[in-house]
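Here are some exercises to try with the structure open beside you. Work through each task, then compare your steps with the solution.

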Amino acid sequence: MSRTALARRIRAAAMFVWDFIVGDDWRLALGVVAGLGATALLAGSGIVAWWVLPVCAGVLLMVSVWRASEPNG
Amino acid sequence: MSGAELGLAVSVFLACAVESVEALTIVLAVGTTRSWRAALVGVGAAVVVLAGVTAALGPALTALPLGTLRLVVGGLLLIFGLQWLRKAVLRAGGSKALRDELEAYERELSAARRAGAVGGGLDPYAFTIAFKGVLLEGLEVVFIVLTFGANQHRIGLAAAAAGLAVLLVTGAGVAVHRPLQRVPENTLKFAVGVMLTSFGTFWGAEGAGAHWPGGDAALLAIVPATLLLAFGLVAALRRRTRAAHRIAGEATARP
């Protein structure tokens, strides 16, 4: 297989994985990663951290739905 | 069966039912217009690949330390769940069209007819479309089976729930021999989105080192809270859509 064909296949595979995991709104994925990081930081410092991820998930869903439902969203 | 195991079985069953309905529409369309033999060979090939992915990734996932597994799997489930829930809320709120299986079926039919005559041997068009359809819909199911199953060390239960859903949908498809329009796909998607988001939140936070008040019983609060939030968003969206229609109606009625 030529180098160009290989690069094309790798790019296609990467696009598929991105689309499969990240989906329609990349902000959701980024927000979840940030929420997990914040939870780990707080928990590691001995601070109660169970509330961070539910709040983060709720806010992310609200913002994402609201943006997508805007007339030009 | 514990509450978490019941949640696992129900989530996997519903997710698999939704994906199977969508895959069935594709297979029916190419089977009817092109070649049943090629379509079924495509389905078989996709099932073999999916089984291979499950067999390869299942043991690898269960070998991870529990904390790491919950962090990775919880995070992925939460991302997946939020995507499912977002789509279901937008559809239920009227901001996105509901998926219509008959419309999807008609689209596949006309594409299959445009693809040229069916030659001798195995029809490559029917094979490829059936293979891709089942593989792509099936990958989501495999992902849910593996992540849910591995986290509770119950991949067998998850696989059984998925298998039952496939059997039921396939049986119904064979019986009626047309797309399953009456399956409330968005309601199922909504339910799966709520479960994935709830379990993803629970496991993700645990994996990141947090401790839930009440341990596993916290899920009894997380699931209803997620459901309430989703219902609230649907209600708000419906109000917004109605207001937008009213304003548009008033604008066109004005001389």
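**Exercise 1.** Find the angle at which helix α3 of chain A and helix α3 of chain B pack, and classify it.

*Solution.* Start with the axes, which are lines fitted to C-alpha atoms over the stretch in contact, with angles from 0 to 180 degrees between N-to-C directions. Helix α3 of chain A spans residues 52-69 and helix α3 of chain B residues 66-92; their axes lie 10 Å apart, at about 40°. That makes α3(A) oblique to α3(B), since angles under 35 degrees count as roughly parallel, over 145 as roughly antiparallel, 65 to 115 as roughly perpendicular and the rest as oblique.

This is a predicted model: local features need pLDDT of at least 70, side-chain atom pairs count only at pLDDT 80 or more, and totals for chains, interfaces and linings use all residues. Residues are numbered from 1 along each chain as its sequence is written, while chains are lettered from A and ligands numbered from 1 in the order in which they are written.

**Exercise 2.** List residues where α3(A) meets α3(B), and sort the contact by character.

*Solution.* Contact requires C-beta atoms, placed from the backbone, within 7 Å. On α3(A), the residues include A:L60, A:L61 and A:V65; on α3(B), B:L82, B:L85 and B:R86 are among them. The contact divides into 10 nonpolar (Ala, Val, Leu, Ile, Met, Phe, Trp, Tyr, Cys, Pro), 2 polar (the others, Gly among them) and 1 charged (Asp, Glu, Lys, Arg).

**Exercise 3.** Describe the pattern of chain A along the sequence.

*Solution.* Count DSSP runs: helices (H or I) need at least four residues, strands (E) at least two, numbered from the N terminus. Chain A has 3 helices and 0 strands, in the pattern α-α-α.

Notes. Two residues are in contact if their C-beta atoms, placed from the backbone, lie within 7 Å.
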